[in-house]
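Here are my notes on the model, point by point. Please read them with the structure open.

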Amino acid sequence: MPGINYFVEGIQGAGKTTFVQKLSEHLRDCRVFREGDFSPVELAWCAYVTEEEYKELLSRYPSLVSEIRKKTEKEGNRRIICYTQILTDISDFHKDLERFEIYNGNLDRESFESVVLSRFRKWDGEGQVFECSIFQNIIENQMLYLRMTGDEILDFYRRLKDVLADKIYRIIYLDVQDISAEIDVIRKERCDDQGNELWFPMMVRYVEESPYGKEHALKGFEGLLMHLEQRRELEHRILDHVFRENAIVVKAKSMEPLWNARNAVMDHIDFRSGVLQDFTEDMLTKGLFIDVRWKKGLHFRFYHRWGRFWYTVVRDGEQISSCHTSHARQLDGRLFPLVQKFVDEIENGNFDNKKTPKEKVREIVQERGLTSYMNDTKWKEFLYAMTEEMPLAVPYDYKTLFEEDREESYFGTAYDRESFNYYYFRSIEWVKLQPKFSEHIHRGRLMEDEIIDHDVENEFLALMDKYHIPYEYDSDEKVYVIYGYKSLH
């Protein structure tokens, strides 16, 4: 989606760095800002100094003047030095510049919030990808050093969201469910060549020596675990209460099979004149890992979800081919020839004249002279009324425009997606409902079934009137009928 900015977040060990790298490989023309880079919004691992402080640092480190200048950006009356990118043998250099960061309690709460909000306010980027630039470092400072409460941090993010009101962005949150196990993994991964742990001692010290850590006696592994669990819980509150419409929550490291599958298909399949599309949010929410477009608006889409691979042809967002499914846990050489044959059929025009379900509906409506009585909004209101406001599930049957007329009805009470025409409302011709019905309860082989009569007719009619849903009563069948389409003749 051109122009969208992505903030990749999650606690330490969620796989943010790897995810950002993979995402950047599949987004053309995006610009990536990793932790420690000069960023338009984030200042982690950067010294934020005045002109006077900048000149003093240059005079203090004459041998590094050239490198400091290379890694410095001017922003208003401040200088921003990406000091961790400067390699030097001067032992105290990095520790000295660390005191000029805006984090670790170096600024009071008002000054800290002012810097963060003002930089987000000035930011006007498009198509940018940020690593831990909206949650991690800000929240760590607020929790551990400024000792802000959860409600105070929530209020800050409400103000930040107001600042971002005219920006196009998504927060991709990589969610770690078992934090304790993840810490064990990171401890083994982040070691030097001699096997000495690097990350774990640093993180433990960071938590222990913070004002919050001292106040609450957070020590060692247990202290770090308690902090990360509290932070994860708070970040979920912020996502739920502030950024719900801007956030996508993904299980940490669950995307690796999709990145691998995408690369494998790209290596083995020739898409002919088809053009591989960039990463989309469907890759995160629907398991779509390959989307190839042809000039006539046809898309070849390859998915992996629920342990299965499947592919199909789509036009105008609607499926026009059968769904080809493989239950293999991973792609292998047996599947690629089948996929290539399918792609060649698209290239050769086999699907050019296939109609979408929408086109088929329009054709049937015109042929039969039908008039539409419902739309997607009305059907959604109907489903909400039936599932959330009715005291009992009302038995119903439905017929689509694609079905032949049938003499018998099949009434059920499940209103889930699979039971209710996969929520493809456009094709529903009618729904018949029985708000007065009998429930048979089986009591065993030797006893007669118990029969309970239910009557929720008044509640049903009240809801139909509330949502202005048109209905008719069929006295012969003793059912209420909601027509999606009906002939006026």
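1. The open sheet. This is a predicted model. One sheet in it is open and has five strands, paired in parallel. Their order is E2-E6-E1-E7-E8. Strand E2 (31-33) and strand E8 (247-251) take the edges. Each has a single partner strand, so one side of each lacks a neighbour in the sheet. From one strand to the next, the twist averages 20 degrees.

2. Inside that sheet. Look at strand E1 (residues 5-9) and strand E7 (residues 169-175). The two run parallel and are joined by five bridges. To find the register, start at Phe7: its bridge partner in E7 is Ile171.

3. The helix on the sheet. Helix H11 (residues 220-241) packs here, touching both E7 and E8. The direction of H11 makes about 150 degrees with that of E7.

4. An antiparallel region. Strand E21 deserves its own look. Which strands pair with E21 in the antiparallel sense? Strand E17 (residues 428-433) does so over four bridges. Strand E20 (residues 472-474) also runs antiparallel to E21, joined to it by three bridges. Two residue pairs help to place these strands. Trp430 stands opposite Tyr483 in E21. Tyr473 has Tyr480 in E21 as its bridge partner.

5. The turn. E20 and E21 form a hairpin with four residues between the strands. Within this hairpin, Lys478 takes a positive phi near 55 degrees. That residue is a good place to check the backbone by eye.

6. Burial of E21. Is strand E21 (residues 479-483) largely enclosed or left open? Largely enclosed by the rest of the structure, because four of its five residues are buried.

7. Cysteines. How many disulfides does a search of the whole structure find? Zero. Take Cys30 as a case. The closest cysteine sulfur to that of Cys30 is in Cys132, 16 Å away, which is too far for a bond. A disulfide here would need the two sulfur atoms within 2.5 Å.

8. Cysteine exposure. Are Cys30 and Cys323 buried, exposed or partly exposed? Cys30 has 21% relative accessibility, so it counts as partly exposed. The cut-off for buried is under 20%. Cys323, at 37% relative accessibility, also counts as partly exposed.

Notes
Residues numbered from 1 in each chain as written. Predicted model: local features only at pLDDT ≥ 70, side-chain atom pairs only at ≥ 80, totals over all residues. Heavy atoms only, no water. Buried < 20%, exposed > 50% of the residue type's maximum accessible area, 1.4 Å probe, protein only. Pairing = 2+ DSSP bridges. Axes fitted to C-alpha atoms, helices over the stretch in contact; angles between N-to-C directions. Contact = heavy atoms within 4.5 Å.
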